[in-house]
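I opened my notebook to walk through this chain one stop at a time. Pull up the view and follow along with me.

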Amino acid sequence: MERWHTRIGNVDVMRVEEMLTPGFDPAFLFPDYDPEVLKEHPQLAQANFFDQASGKLMSSMHSWMLRVGRHVILIDTACGNDKVRTHPAFQRFHLLHKPYLDCLAEYGVQPEDVTLVINTHLHVDHVGWNTRLRNGVWVPTFPNARYIMGRAELAHWRDPEGGLKVHPMGAEVLVDSVNPVINAGLVDLIDVNDDVLPGISVRAMSGHTAGQLAVHVESGGQRALFTGDAFHQPMQVYRPDWSSRFCEQRAQANATRRALFEQAAETDAILFPAHAGKPHAGRIRRRASGYVFDPLDPHL
Ligand SMILES: [Zn+2]
């Protein structure tokens with residue numbers, strides 16, 4: 001694991017890696033995919049974003065960790081160990097044994113030290129480390145943390161006409177990674193624009209899921225947005241109308257993505273997506289023909 005660190009004002013940001021591997025074939029992930037994009041933008045064909053050997057996009061699974069004052073905050077919790085994932089598209093996430101908690105420890109953080117966990121949405125690769133297996137039972141990995149979930153997002157997955165109708169494979173995720181932390185009394189539900197802490201709030205980022213949230217950080221005159229899966233890959237900065245096959249509402253996801261890029265370019269906010277290859281975060285610059293992804297140079 002490579003240590004990764006930057007600062008947003010007085011907020012330290014680190015990346016806690018679960019895995020960094022070739023992921024999906026872009027033609028599978030993006031139904032509208034056109035390989036011309038790799039020729040038009042050579043940045044996207046570089047090894048950090050695209051694995052030439054397999055023809056797959058480099059895919060990171062990680063948490064973003066924020067430290068501010070006494071708080072240790074994890075944004076999204078990747079896939080988790082020991083979880084049975086039966087869907088063919090999710091074989092990469094099936095029965096993992098990854099050293100995620102060792103990575104956390106390399107930053108001097110033990111599970112008991114985490115004070116807040118924020119799930120941007122309740123997909124398989126964003127809630128996994130919410131729990132771990134102990135003596136055959138799923139228990140909260142972070143016993144002293146409050147877990148923050150979107151009220152609308154949770155309701156969406158509990159509604160028989162909601163998320164599970166589009167993605168039935170979410171049912172096993174609720175059972176092993178969401179319900180145990182709710183049953184342990186650790187979950188606080190949050191609404192769009194609510195403050196989490198001074199300078200840290202949640203914003204609507206709907207479309208990928210109906211109730212997806214982004215985490216907005218403003219400190220020392222700097223801004224950042226932890227964007228969940230509003231975009232999966234830097235490729236989408238150049239093709240904002242390419243939603244992934246896992247986006248529930250593609251038209252809404254496209255509109256959200258365009259608005260996000262416009263706002264990020266306008267405010268110079270650093271975007272921290274959930275799956276981009278190295279360096280995993282960046283800014284959006286506006287160009288006559290659209291937007292450019294400007295990778296961040298973290299202080300490793
Ligand atoms: Zn994801």
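**Entry 1: a cut-off, and a turn at the surface.** Before calling anything buried or exposed, I noted the rule: a residue is buried if 20 or more other C-beta atoms lie within 10 Å of its own, and exposed if 12 or fewer do. I also noted that this is a predicted model.

I tried the rule on asparagine 135, which sits in the loop between strand 7 and strand 8. Asparagine 135 has 5 C-beta neighbours inside 10 Å, so it counts as exposed. I then checked its backbone and found a positive phi near 50°, in a residue other than glycine. I jotted down why I had looked: most residues other than glycine have a negative phi.

**Entry 2: another positive phi, buried or exposed?** I went next to alanine 78 with the question of whether it is buried or exposed. Alanine 78 lies in the loop between strand 5 and helix 3, and its phi is positive at about 55° although it is not a glycine. I counted 27 other C-beta atoms within 10 Å, so alanine 78 is buried.

**Entry 3: the whole protein.** I stepped back for the overall picture. The secondary structure comes to eight helices and 17 strands. The C-alpha trace spans about 55 × 45 × 35 Å along its principal axes. I compared the radius of gyration, 18 Å, with the value near 19 Å for a compact globule of 300 residues, and the two agree. Buried residues make up 47% of the 300. Of the contacts with a separation of 6 or more, 65% are between residues 24 or more positions apart.

**Entry 4: strand 5 and its partners.** I started with strand 5, residues 71–75, where four of the five residues are buried. Strand 4 (residues 56–68) runs antiparallel to strand 5, and five bridges join them. I picked out one bridge here: methionine 65 has leucine 74 as its partner. The hairpin of these two strands has two residues between them, and glycine 69 in that hairpin takes a positive phi near 55°.

I then followed leucine 74 to the next strand, where it stands opposite valine 117 in strand 6. Strand 5 and strand 6 pair in the parallel sense over three bridges. With helix 3 (residues 100–106), these two strands make a right-handed β-α-β unit.

**Entry 5: on to strand 9.** Which strands pair with strand 9? Strand 6 (residues 116–118) does, in the parallel sense over three bridges. Strand 10 (residues 187–190) also runs parallel to strand 9, joined to it by four bridges. I used isoleucine 148 as a marker: isoleucine 118 stands opposite it, and isoleucine 148 also stands opposite aspartate 188 in strand 10. Strand 9 covers residues 146–150, and four of its five residues are buried, so it is largely enclosed by the rest of the structure.

**Entry 6: helix 6.** I looked up the length of helix 6, residues 170–183. Its 14 residues reach 18 Å from first C-alpha to last, close to the 20 Å expected at 1.5 Å a residue. I found a kink of about 35° at serine 177, shortly before proline 180.

Which residues of helix 6 are buried? They are Gly170, Val173, Asp176, Ser177, Val178 and Val181. I kept a reminder beside the list: an α-helix has 3.6 residues a turn, so residues three or four places apart point the same way. The buried residues of helix 6 pack against several elements, including strand 9, strand 10 and helix 4 (151–158). After the helix comes glycine 185, with a positive phi near 75°.

**Entry 7: towards the end of the chain.** I checked for a cis peptide bond and found one from lysine 278 to proline 279, with omega near 0°. For context, most peptide bonds are trans. Proline 279 is in the loop between strand 15 (270–272) and strand 16.

My last stop was alanine 288, in the loop between strand 16 (282–287) and strand 17 (290–295). Alanine 288 has 4 C-beta neighbours inside 10 Å, so I marked it as exposed. I also took a distance from there to histidine 167: the two C-alpha atoms are separated by 38 Å, with these positions 121 residues apart along the chain.

Methods:
Residues numbered from 1 in each chain as written. Predicted model: local features only at pLDDT ≥ 70, side-chain atom pairs only at ≥ 80, totals over all residues. Pairing = 2+ DSSP bridges. Right-handed = clockwise from strand over helix to strand, strands pointing away. Rg over C-alpha atoms; globule rule 2.2 N^0.38 Å. Contact = placed C-beta atoms within 7 Å. Expected span 1.5 Å × (residues − 1). Bend = angle between axes of the 7 residues up to and from the residue.
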